[in-house]
Amino acid sequence: MSLDTRTNARERLLAELREHALVIGEVVLTSGRRSEYLIDAKRAILRPPGFRALGELVAEQAAAWGATAVGGMTMGADPIACSALACDAAVKAFFVRKEVKTHGLARRIEGPSLDPGERCMIVEDVVTTGGSTIAAIEAVREEGHEICGVLAICDRLAGGAAAIEQAAGSPFVALTTIDEVYPERPDR
């Protein structure tokens with residue numbers, strides 16, 4: 001993907017996040033912290049323009065890191081991994097459950113079987129503390145797979161990126177930051 005094409009996809013994603021994902025009002029985040037706003041990325045990426053822009057960026061990053069599989073903690077990772085497939089990334093998609101399923105195949109990682117040593121790119125929608133992303137990293141490692149990098153749609157700039165990078169032992173890339181999505185945020 002050329003720099004112009006990548007910039008265009010990123011700008012389209014950012015516009016969709018600003019228009020559809022930013023929710024102003026007090027909320028409790030996954031981390032348990034209270035916030036005066038929320039980035040509900042799924043509201044933007046589950047619309048055709050946001051999904052297309054995201055898929056282009058995820059597929060490009062997967063290729064750059066040599067990923068053979070893309071996924072992370074369900075629900076945040078599900079549409080991100082699927083967007084890579086929709087943009088013809090040469091990867092498998094997978095989803096990590098919070099706990100091992102107690103019926104059926106009793107798996108924690110769902111999707112096609114991952115081969116030993118698979119190069120997994122972990123994806124997340126919004127990162128605050130990084131807790132759920134780190135849980136996904138640990139689950140994937142427990143299954144014997146390598147983490148080649150971690151990609152998030154939006155970094156809330158609350159320390160999660162550093163924690164994730166340390167846990168993964170590989171690069172962390174955020175497609176956007178809260179400063180770009182909500183530049184006038186009150187906690188800046």
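This is a short chat about a predicted model, covering its main pocket, helix packing and a few local details.

Q: Let's start with the pocket. What volume does the largest pocket have?
A: The largest pocket comes out at about 510 Å³.

Q: Which residues are closest to its centre?
A: Thr30, Glu124, Asp125, Val126 and Ser132. They belong to a lining of 25 residues.

Q: Which helices and strands supply at least two residues of that lining?
A: Strand E2 (34-39), strand E6 (119-127) and helix H5 (131-142) each do. E6 gives the most, with four residues.

Q: And how does the lining split by class?
A: There are nine nonpolar, 10 polar and six charged residues in the lining of the largest pocket.

Q: OK, H5 again. At what angle does H5 pack on H6?
A: At about 10°, and the two axes are 9 Å apart. H6 covers residues 160-168. That angle is under 35 degrees, so H5 runs roughly parallel to H6.

Q: Which residues meet there?
A: From H5, Thr133, Ile134, Ile137 and Arg141. From H6, Ala163, Ile164, Ala167 and Ala168. By class, the H5 and H6 contact has six nonpolar, one polar and one charged residues.

Q: Switching helices. How do H3 and H4 pack, angle and axes?
A: Helix H3 (residues 48-65) and helix H4 (residues 78-86) pack at about 80°, with axes 7 Å apart. An angle from 65 to 115 degrees counts as roughly perpendicular, so H3 is roughly perpendicular to H4.

Q: Which residues make that contact?
A: H3 brings Phe51, Leu54, Gly55, Val58 and Ala59. H4 brings Pro79, Ile80, Cys82, Ser83, Ala84 and Ala86.

Q: How many charged residues in the contact of H3 with H4?
A: The contact has no charged residues. Nine are nonpolar and two are polar.

Q: Now aromatics. How many aromatic pairs does the structure hold?
A: One aromatic pair. Tyr37 and Tyr182 form it, edge-to-face. The rings are 5.1 Å centre to centre, with 80° between the planes.

Q: Where do the two tyrosines sit in the chain?
A: Tyr37 is in strand E2, and Tyr182 is in the segment after helix H7 (178-181). They are 145 residues apart, so the pair links distant parts of the chain.

Q: What else touches those tyrosines? I'm looking at Leu22, so which residues does Leu22 touch?
A: Leu22 touches both Tyr37 and Tyr182. Leaving out residues up to four places away in sequence, it also touches Leu17, Leu38, Ile39 and Val181. Leu22 is in strand E1 (residues 22-28).

Q: How far is Leu22 from Glu56?
A: Their C-alpha atoms are separated by 22 Å. Along the chain they are 34 residues apart.

Q: Back to E2. What does Glu36 touch?
A: Glu36 lies in strand E2. Not counting residues up to four places away in sequence, Glu36 touches Ile24, Gly25, Glu26 and Pro186. Glu36 and Glu26 are 4.3 Å apart, C-alpha to C-alpha, and 10 residues apart in sequence.

Q: Last topic, the backbone. Which residues does a cis peptide bond join?
A: Thr74 and Met75, with omega about 10°. Met75 lies in the loop between strand E3 (69-73) and H4.

Q: And what phi does Asp88 have?
A: A positive one, about 65°, although Asp88 is not a glycine. Asp88 lies in the loop between H4 and strand E4 (92-96).

Q: Why flag those two spots?
A: Because most residues other than glycine have a negative phi, and most peptide bonds are trans.

Methods: Residues numbered from 1 in each chain as written. Predicted model: local features only at pLDDT ≥ 70, side-chain atom pairs only at ≥ 80, totals over all residues. Heavy atoms only, no water. 1 Å grid on protein atoms, 1.4 Å probe; cavity = no way out; pocket = protein on both sides within 12 Å on 5 of 7 lines; lining within 4 Å. Points joined across faces, edges and corners; volume = space filled by probe spheres on them. Nonpolar A, V, L, I, M, F, W, Y, C, P; charged D, E, K, R; others polar. Axes fitted to C-alpha atoms, helices over the stretch in contact; angles between N-to-C directions. Parallel < 35°, antiparallel > 145°, perpendicular 65-115°, else oblique. Contact = heavy atoms within 4.5 Å. Phe/Tyr/Trp six-rings, centres within 6.5 Å; stacked < 30°, edge-to-face > 60°.
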